[in-house]
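Me: Let's zoom in on one part of this model. Please walk me through the surroundings of the ligand, and then carry on into the strands if there's something to say about them.

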Amino acid sequence: MRTIPNYINGEFIESKASEFTEVINPFNEEILAKTPHSTDSEISNAIKVANEAFSTWSKTPVIDRVQPLFKLKGLLEDNAKEICEILTREHGKTYKESWGDLLRGIQMVEVATGMPSLMQGEALQDVARGIDSYAYRKPLGVFAGINPFNFPAMVPMWFWPFAVASGNCFIVKPSERVSMTQEAIFKLIDQCGFPPGVIQMVNGSKDVVNHLLESEDIKGISFVGSTPVAKYIYEKGCAHKKRVQALGGAKNFLVMTPDAQIEKSVQAMVDSCLGCAGERCLAGAVLVGIGDGYDKMKDEVLRAVKNIKVGDGLNPETTMGPVISMEAKARILQDIEQAKSEGAECIYAGESQETLDKGYFVAPHVFENVKPGSLLATKEIFGPVISLMKVDTLGEAIKLINSSDFANTCSIFTTNGMAAREFSQNVHPSMVGVNLGVPAPMAFFSFGGSKDSFYGDVKVHGKSSVEFFTEKLTVMQRWFNEDKNENLNPHWDND
Ligand code: NAD
């Protein structure tokens, strides 16, 4: 069985690991490769090489630092078909969804090429008489990115293009369950002309993560994954004096007012819940109908879910692939049983996959009579399960959303601008949609939730990324006028 290599010091190197995680095609359970749990000396070497590269890279003109990213954008586009096929095989999502995954990553590369403008500082003349002040943004050193399984192409690119363009060096740790997509992308990165050590990939699991967290030579960590791990990473990273941004799990509510455009709204809601088999941090989970709108919403949801075609993500007819693993499938089915035992009523269970004798398929499920505080109203299921809830007023819907410990995203579907305004200004999640099922901010807007969906101070993407990956150096300067021998700032010297 082929082992995924690391990419250290500008070379693909086979790990000497003794432990591995299998990369399994969730459609047919074929073992595709093994991800090594890299050894301590391999990780230490990558960190050392990155710190050596930093001394030169951080002083390389920014205009030169972004040139490899221009090249990478072209290569990613030229090789998109191959990358998306690999992604679908190792993850299970449909080929179209893989395209979305990659495209969003390419957009990060595009935005990071604007670093000469993005990282400009500030200047002010005559802050006191004869004194000028200016502030630079400086890179900090070596950062690492710890990634989840659900966006094998996009999530690693949320971070490293910004980090590297702003003069840092970066180590990517892909999810051990889907490491093939990053291998394919690193084959392209290898052709772009980055000096060795600037961008590296070290494979592994939690031991690798702990090594990165504990190393004094790593300045910061960008993490995306489940909430318990995000909290752990944040606490441990901060204890080791690092900058940390840790994006966690979610429970997203989509609200429909009675005046909403019903068909389009519900189609967007169902796509949000079932896209990528529900394995998205921005996936809708609870659909909340207000007043009379509830029954219309429910009927339309039942109509829309019947069109879902579960199967092989590489088959163009398929609209929903399998979930990631046997464990994920078992966990989701257990949640479904617990929901029933709590009194939620299953009003739709899609066709079981009797025709497919292998694969980790979970049919779409729709529940109603979901009580506030119950499993379906609170827990991140991360599978194709839709919960319907009814409230009487918009205020009640907002209260329901704000009762959740998670606060990643939420949406309102309405034709009433005042309702949309009231909603977006009062909900806790920090990414809000109006008539959008997946309000994913673009690469140039700040991304990241709040409460237990995000630990840290600085969000990700665009200017927020520049903020995270740089520190400000402020210079105050004056020049003495020797000829006149006058002291321009007597008060200043007395401070
Ligand atoms: P996960 O937390 O299991 O794993 C994420 C990463 O952490 C992996 O690289 C893994 O190797 C590492 N890891 C796992 N356990 C660890 C431990 N005990 N110590 C140190 N490192 C550990 O998450 P996942 O199942 O791969 O991804 C799904 C989760 O990610 C969902 O909860 C989803 O909501 C979340 N997610 C959030 C966002 C967001 O933007 N907020 C985006 C994508 C995914």
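Reply: Let's fix one term before anything else: a residue is near a molecule or strand if one of its heavy atoms lies within 4 Å of it. Bear in mind that this is a predicted model, with local features needing pLDDT of at least 70 and side-chain atom pairs counting only at pLDDT 80 or more, while totals for chains, interfaces and linings use all residues. Residues are numbered from 1 along each chain as its sequence is written, and side-chain values use heavy atoms, leaving out hydrogens and water.

Now the ligand. There are 25 residues around it, and N147, E176, S226, G248 and E380 come nearest. Sorted by type, the shell has 13 nonpolar residues (Ala, Val, Leu, Ile, Met, Phe, Trp, Tyr, Cys and Pro), five charged (Asp, Glu, Lys and Arg) and seven polar (the others, Gly among them).

Next come the polar contacts, meaning pairs of N or O atoms within 3.5 Å. N147 has a backbone N or O atom 2.7 Å from an oxygen atom of the ligand. In G248, a backbone N or O atom sits 2.8 Å from a nitrogen atom of the ligand. E380 uses its side chain instead, with an N or O atom 2.6 Å from a ligand oxygen. As for cover, the protein hides 88% of the 840 Å² of accessible area that the ligand has on its own (Shrake-Rupley method, 1.4 Å probe).

Which elements give two or more residues to this shell? They are helix 10 (206-214), strand 10 (220-224) and helix 11 (227-239); helices (H or I, at least four residues) and strands (E, at least two) are DSSP runs, numbered from the N terminus. Domain 1 (6-248 + 453-475) and domain 2 (252-434) both give residues to the shell, so the ligand lies between them; the bounds come from an automatic or database domain assignment.

On to the strands. Strand 8 (residues 169-173) is largely enclosed by the rest of the structure, because five of its five residues are buried, that is, under 20% relative accessible area (1.4 Å probe, protein chains only). C169, I171 and K173 point one way from strand 8, and F170 and V172 the other. Strand 7 (residues 142-146) runs parallel to strand 8, joined by five bridges; two strands pair if DSSP finds at least two bridges between them. Within that pairing, I146 stands opposite K173. Strand 9 (residues 199-201) also runs parallel to strand 8, with three bridges, and there V172 stands opposite M201.

Terms used
Polar contact = N/O pair within 3.5 Å; in protein donor to acceptor, adjacent residues only side chain to side chain. Buried < 20%, exposed > 50% of the residue type's maximum accessible area, 1.4 Å probe, protein only.
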